[in-house]
Structure formats: C-alpha cells, structure tokens
Amino acid sequence: MNVNPDLVDNIEVRPLTKKDYKALLKLQKRCFGDMDPTTKSQFESQIYQFQDGQIGVFLNDELVGSSSALVLDLDEYSMNHTWDEIADEGYIRNHDDEGDTLYGIEVMVDPEHRGMKIGRRLYEARKELCRKLNLKRILVGGRLPNYHKFQDELRVSEYVDAVMDKKLEDPVLTFQLKNGFTVKRIIKNYLPDDVDSSYFATLLEWVNLEYEHTAPKLKVSSSPARICCVQYKMRKISSFDDFAQQIEYFVDVASEYKSDFVLFPELLTTQLLSFVGEKRPGAAARELGRFTDQYVEFFNEMAIRYNVNIIGGSHFTLENDRVYNVSYLFHRDGKIDSQYKIHVTPSERQWWGVQPGSEPKVFDTDRGRVAINICYDVEFPELARYAVDHGAQILFVPYCTDERHGFTRVRITAQARAIENQIYVAIAGTVGNIPSVPNMDIQYAQSAIFTPSDFPFSRDGIVAISEENTEMVVIADVDLEVLRRTRHNGTVTPLKDRRKDLYNINFRHISNDEIILHLNEKGLTDPENLD
C-alpha cells in the first residue's frame, strides 16, 4: 500500500507506554501473522526495565513501527548466545544500566506502510539513544529470512558474503547493511522457530563514534537493601493508642538501623479486638473495618516520619459489605499500595467470613520491585512465579499461624519460592496470645529472610532468622545486584531453564466483585450470620 504524503498529518517517534500494548499486538499480527505474540507481562516488564529502549513510530496516532532493545555488558554472554538468553525470553530483566552495549531484540514495520522509511526512523532513534547514553555500540541479531531459498546450494557464510557483495538481497540483512551495520559473525540456533533462516542469524554492529573513552562507566558491584522483620507479640491492649505505641517502637528500631523495609505480620490489627468487646468472629472482623482509616493514616505517617518503607502486616478491610484480608505497603515518599489476600484459608472463611482478592500485584519501590504473598498465598507457587515474571526481586510474606504445623507450611514453601524463583523472601509472624479474641488465642512464629541457594548467598539460603516464639526483630542486607548476576550465570538458573515449550502459567483478569465465597451452616455460613 502506498500512502499519499498529503494524507500524512503527523509522524511521531516516541517511547512506548503500557497503554500501547493493544496497538503493539495488532502491529505484530500484521507483521508476523500467527507467530506467538508478546505477552502483556513481557511488554510491561520491558517498559519497566528500560522504557527508553522500547520505541514506536506513530502515523496519525496509529502505531506503524516499533523496536525493542536493552543495555548489556556483552562480556557476561557467550559468543554463540541465543535470542532467549539475550532477551531474557522477552522480559529483559537482565537489562544492565551499567552496560556498554545497546542490543536490539526486535524491529517491526507495518507492511502497509513500507516505503515511508519507518525502519530507518527506528534505527536512527536507536543510534540517538546510543549516543545519549554514551554506549560503545549497538548490536543486533539479524535474521536471514531468504536463506532457506539458497541453503541447498550455499553455505550460510557464502550466502552472507553474497548479500554483502550485493549479488543477493535479503530483506533484513540488506536493510541493516544500508543503515551502517557491519557483520561480526554468524550465530547458530539463534531463534529456535526461525525455519526461514535455517536457525542462523548474523551478529551485526554499529559503532558509536562519539563514545567518550575518557568517561568509562563504573561497574555496579553491589545494590543492597536492608530488611527488618518484626516478630510481633500479640497482647491485650486498651486503645488504638496502645497499639500505635508498640508499632512506632518497632518502626523506630528499623529506622535507627537504617532499614529500607520493615515487615509486620499478618492480622496485626486483630490485637485491636482485645478492647472492642465483640465476641462474634464475623461481626468482629467487620468491626475492625472502622479502624481502617486510622490504621492507614497512622502507618503512612510512620513511613514518612521514619523514612522507611513499611509492609503493615495485614488488616481486615470492609469493601462493598465484604471483608478482605489486605496487606498495605506504605512507601516512605507517602505513596500507598495494597495487596489483597488471594487464597483464603478454611479458618478465615469459617471464623471471619473473609472473601478472596483476585489480583496479584508487583510494586515499584526506591529499592527495587517487590511483591506481597499473605501467609497462605505463599503456599501456591504460581503467585510468586507471576511476581518474578513481572520483575519482583523481594517477596514479603506476613503470616499468622497458631501452631508448628501451620508455621512449617509457610516456612518451607517460602524458602522453596526463594530457591525456585531466585528471589529474596522475608517472612514475619506473630507470637504471644490474646485469650479474649476468638481464633487468636495462640501463636507460633519464627521470622526469617531467605535467599536463593547458591555460592554468593548465605549457607542454607538463610541470611537471618529469629528465635522461635520470642518477640524480636531480625535485620539483614540483601544484594539486588548479586541476585541479578546469579539469575544470569548462577550454578543453576531455574528462571532461564524453565520449559516454556512444555508448560506455562496463565492468569485471568477478574475483579474482586466476581468472586464470592458462600458459606454454609457447617461453619461456612453467610458472613452476616457468622457468630
């Protein structure tokens, strides 16, 4: 299709945003037909990791071309790397701000708008980005889509030479050569599904002649985050002020030790029921809802005043006449996020009439990306895997267990999540007892911070652990840069080695209003009838 220049009102080249996802899918379908599209989680991860490298060309507000790239230290990769290795299977969580190479992993141009130099605009935008970031070069792994027509008569090196000598034309390689790229070598098995290229690719380089050799980048060797887990003693109190006084003490301790995060246990605010006086559990859970505004305002003030990000345990929150178990993340800059408990235990349903949430979330903080699994949620590995696929580096698990069996389930599965997902996991539980509050009469906990199990980390994958059933804190540093490097080249690399050709995890996007747990007389009654 030839576009009439008189009808072209505006061509814009800009970084893509999350709102462009649907337009990107349409463009991919026009360019590649039935090829597996970029998933929403991959696209959002690309935007989060390196938005400037995700570039779109818009013609009259329609996306007609796009490119994706990340920054790497090429010394960390083998000579015969694959696309999956370089692109982190499309998530680019291996993007390295301190790298020296801009690596292009995808370019698309709408077939109906070819001839308008859309591809050239994308390549020029990449070159400008390379100059702006003072990177040494751009590398791309280029397909050879016409090679299958000649593979019976030409070796791949002969085919590449013929294209370079302009004796043959290849739609990808010819274009890249015209844009100033030179062939460095041929890579085998670059794209596992690229039959047209007979699984070969060329590694091409564009050198930034403006690179400042006098200003070398300093390689980041460490990116620490300090975590404080509060093993909190449940005791009878007489007012919200008593509760606030105890909480502020621990926030002050965490701040005094310059913690970046402080984690409180699940159902922390059930302590307030010791002076409320409501004995019916279902009604008591709803009664806690009247403290929500006071609870949120208080923890928000603590996070700002003491300059620490607070995971405020969890709190029964009443919304649309339903009780949810919600963990709030109070950022030290004043922002507030929340994670609803997704898997509700039989006890929560029976005693409190709690309804499940339906949206796992990942949160951006000033010390990396984090996620929250509330107690029982950590026993379902899909949630932690979802969080890691969306960039999470630390998983916080506030929990409340009554005896050792329940604690053991949380402890062992939390450590399993750390190992299988190569992520840090912090757990914090309640101790003590409140005999006057039904279902909160006994507690069992041992709080800890877990790491992956590999040589750069603590022995046994435990960086810190508390005494059992004693009110105390555990404080330790975790290193996000060590985590990044280990995910790439650890003794084992479970994130990279997943058999996505064999299995996958799919999440449905549903609202909390779509899920209602109807309870019955065997302990599972409607929430308003709980007693």
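# Exercises on a predicted protein model

Leu70 is part of strand 3, which covers residues 62–72. The structure is a predicted model, and the exercises below treat it as such.

**Exercise 1. Determine whether Leu70 is buried or exposed, and state how far Leu70 is from Gln422 in sequence and in space.**

Step 1. The relative accessibility of Leu70 is 0%.
Step 2. Buried means under 20% relative accessible area, so Leu70 counts as buried.
Step 3. In sequence, Leu70 and Gln422 are 352 residues apart. In space, their C-alpha atoms are 21 Å apart.

**Exercise 2. Describe the protein chain as a whole: its secondary structure elements, its extent and its share of buried residues.**

Step 1. The protein chain has 14 helices and 22 strands.
Step 2. The C-alpha trace spans about 90 × 45 × 40 Å along its principal axes.
Step 3. The protein chain has 531 residues, of which 54% count as buried.

**Exercise 3. Establish how many disulfides the structure holds, and examine Cys228 as a case.**

Step 1. A disulfide is a covalent bond between the sulfur atoms of two cysteines.
Step 2. The structure holds zero disulfides. Cys228 accordingly is in no disulfide, and the nearest cysteine sulfur, that of Cys229, is 6.8 Å away.
Step 3. The cut-off for a disulfide is a pair of cysteine sulfur atoms within 2.5 Å.
Step 4. Cys228 is buried, with a relative accessible area of 0%. For Cys130, the relative accessible area is 0%, and this residue is buried.

**Exercise 4. Analyse the salt bridge between Arg93 and Asp389: give its distance, the location of each partner and the burial of each partner.**

Step 1. A salt bridge requires a side-chain nitrogen of Lys or Arg within 4 Å of a carboxyl oxygen of Asp or Glu. By this rule, the structure has 34 salt bridges.
Step 2. One of these joins the side chains of Arg93 and Asp389, at 3.3 Å from N to O.
Step 3. Arg93 sits in the loop between helix 3 (83–87) and strand 4 (101–109), while Asp389 belongs to helix 12 (residues 381–389), so the pair ties together parts that are 296 residues apart in sequence.
Step 4. Arg93 is buried, with a relative accessible area of 11%. Asp389 also counts as buried, at 11% relative accessibility.

**Exercise 5. Analyse the salt bridge between Asp321 and Arg286, and state whether Asp321 is buried or exposed.**

Step 1. The closest N and O atoms of Asp321 and Arg286 are 2.9 Å apart, and the two residues form a salt bridge.
Step 2. This pair links distant parts of the chain, 35 residues apart: Asp321 is in the loop between strand 11 (315–319) and strand 12 (322–330), and Arg286 is in helix 9 (residues 281–288).
Step 3. Asp321 is exposed, with a relative accessible area of 54%.

**Exercise 6. Locate the salt bridge between Glu301 and Arg305, and then name the residues of a salt-bridge network.**

Step 1. The side chains of Glu301 and Arg305 meet in a salt bridge, at 2.2 Å from N to O.
Step 2. Both residues lie in helix 10 (residues 292–305); they are four residues apart, about one turn of the helix.
Step 3. Glu301 counts as partly exposed at 36% relative accessibility, and Arg305 is partly exposed with a relative accessible area of 47%.
Step 4. Elsewhere, salt bridges that share partners join Asp88, Arg93, Asp389 and Arg498 into one network.

**Exercise 7. Identify the residues that form a positive surface patch, and place Lys22 in the structure.**

Step 1. Lys18, Lys22, Lys26 and Lys40 form a positive surface patch.
Step 2. Lys22 belongs to helix 1, residues 21–32.
Step 3. Lys22 has a relative accessible area of 66% and is exposed.

**Exercise 8. Examine the phi angles of Asn60 and Cys375, and describe the setting of each residue.**

Step 1. Most residues other than glycine have a negative phi.
Step 2. Asn60 is not a glycine, yet its phi is positive, at about 50 degrees. Asn60 lies in the loop between strand 2 (54–59) and strand 3 and is partly exposed, with a relative accessible area of 33%.
Step 3. Cys375, a residue other than glycine, has a positive phi near 45 degrees. Cys375 lies in the loop between strand 16 (368–372) and helix 12 and counts as buried, at 6% relative accessibility.

Conventions
Residues are numbered from 1 along each chain as its sequence is written. This is a predicted model: local features need pLDDT of at least 70, side-chain atom pairs count only at pLDDT 80 or more; totals for chains, interfaces and linings use all residues. Side-chain values use heavy atoms; hydrogens and water are left out. Patches are made of residues with over 30% relative accessible area and no salt bridge: like charges are joined within 9 Å, nonpolar side chains (Val, Leu, Ile, Met, Phe, Trp, Tyr) within 5 Å. Accessible areas come from the Shrake-Rupley method with a 1.4 Å probe; for residues, only the protein chains shown count as cover. Lys and Arg count as positive and Asp and Glu as negative; His and the chain ends are not counted. The place of a charge is taken as NZ of Lys, CZ of Arg, CG of Asp or CD of Glu. Helices (H or I, at least four residues) and strands (E, at least two) are DSSP runs, numbered from the N terminus. Buried means under 20% relative accessible area, exposed over 50%, partly exposed in between (1.4 Å probe, protein chains only).
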